[in-house]
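Dear colleague,

I am passing on the structure below, and my notes on it follow directly after. Please read them with the coordinates open.

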Amino acid sequence: MNSLIYGRPPAVFDPPMSAQQTSPLIPGSMALEDVAPASVDEITLYAPPGAIERRYALALALRALKVGGKLDVMAPKDKGGSRLAKELKGFGVTFAEEAKAHHRRAILTRPETVEGLDEAIAAGAPRVVAGLDAWSQPGVFAWDRIDNGTALLADALPALKGNGIDLGCGYGALATVVLRSAAVKSLKLVDLDRRAVDAAKKNVTDERVSFDWADVRLLEGEGTLDFVVSNPPFHDGGIEDKRLGQKFIRKSAELLKKGGVAWIVANRHLPYENDLNEVFKRVNMVADQNGFKIFEAVK
Ligand SMILES: C[S@@+](CC[C@H](N)C(=O)[O-])C[C@H]1O[C@@H](n2cnc3c(N)ncnc32)[C@H](O)[C@@H]1O
């Protein structure tokens, strides 16, 4: 029996240990998009929080399942779980539903006919976003706009030079600005979200760039770079986690050579100052505006 899983459901749902991972947020996973239709016996889906990306993942899972295959789907009640039943009914499937550990769960057998798959897949697919003029996809951070923090950092950035990295690059908004400087020799774009990296690859076609679908926390800190730019994440699995941004700051310092500079934007309420002051020689807050702080930190 072949079995796939999407995301990391809590242990209380007894997720199958041997299932192959398909989440775009787990580097190295296979893509559900690439699974042949009607080829899979069983899928466990920890449904993502965004409505469009959730319907997209449900539709991809239903497309991948054999007729008679099993879908076990769950989501936290307040992050899409309470809408699961309605969404599944929209696909014309019948299912058993239960409430468990602040989640809603539905289990169903893939019927012969399912409605609305193509429409849900088209709605969640990568596309050029009108007005943004960039490739993006529902589920990617600020997928159809320029984040206010990113815009502020882009305005504050001087012309950078040498070799650098964009930690948590998203679909590439910041990288595009960095590359306007002819003195930039190379720029690596790193993100945990495969969809973001795929979009960035289409948006940032400059010869100086490379891409890495990876967890920034696990990068080797080689101490060789001239600059870091980052709008660090502060949510993990939809829950605010300021330690994530703090780890990005510490990793920035590890990656930089002595005298290298990190340009970082943060929401005003995030406590990054202690970490910055501990790992950098000089920290300058260059802007404090519209709810965001911008730091220039020199190693
Ligand atoms: C605040 S967003 C900034 C995105 C982009 N730079 C922009 O300005 O639009 C943070 C990004 O970090 C990514 N991310 C979250 N956790 C990560 C991790 N552990 N390693 C790498 N990237 C991560 C998210 O997918 C998201 O794209």
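Around the ligand, α5 and β10 each supply at least two residues of the shell, in what is a predicted model. The ligand is surrounded by 19 residues, of which T150, G168, G170, L192 and P233 are the closest. By character, the residues of this shell divide into 10 nonpolar, five charged and four polar.

The elements α5 (173-178) and β10 (184-191) appear again in the surroundings of helix α6, whose buried residues pack against both of them as well as against β8 (134-136) and β11 (209-213). Helix α6 spans residues 194-203 and is largely enclosed by the rest of the structure, because eight of its 10 residues are buried. The buried residues of α6 are R194, R195, A196, V197, D198, A199, A200 and N203, so that charged side chains are named there alongside alanines.

Two loop residues may deserve a look at their backbone angles. Most residues other than glycine have a negative phi. A38, however, has a positive phi, near 55°, and is placed in the loop between β2 (20-21) and β3 (40-46). Because 13 C-beta neighbours lie inside 10 Å of A38, this residue counts as partly exposed. H102 likewise has a positive phi, in this case near 65°, and lies in the loop that runs between β5 (96-100) and β6 (103-109). H102 has 12 C-beta neighbours inside 10 Å and therefore counts as exposed, since the cut-off for that class is 12 or fewer.

With best regards

Methods:
Residues numbered from 1 in each chain as written. Predicted model: local features only at pLDDT ≥ 70, side-chain atom pairs only at ≥ 80, totals over all residues. Buried ≥ 20, exposed ≤ 12 C-beta atoms within 10 Å, placed from the backbone. Helix = DSSP H or I, 4+ residues; strand = E, 2+ residues; numbered from the N terminus. Contact = placed C-beta atoms within 7 Å. Near = placed C-beta within 6 Å.
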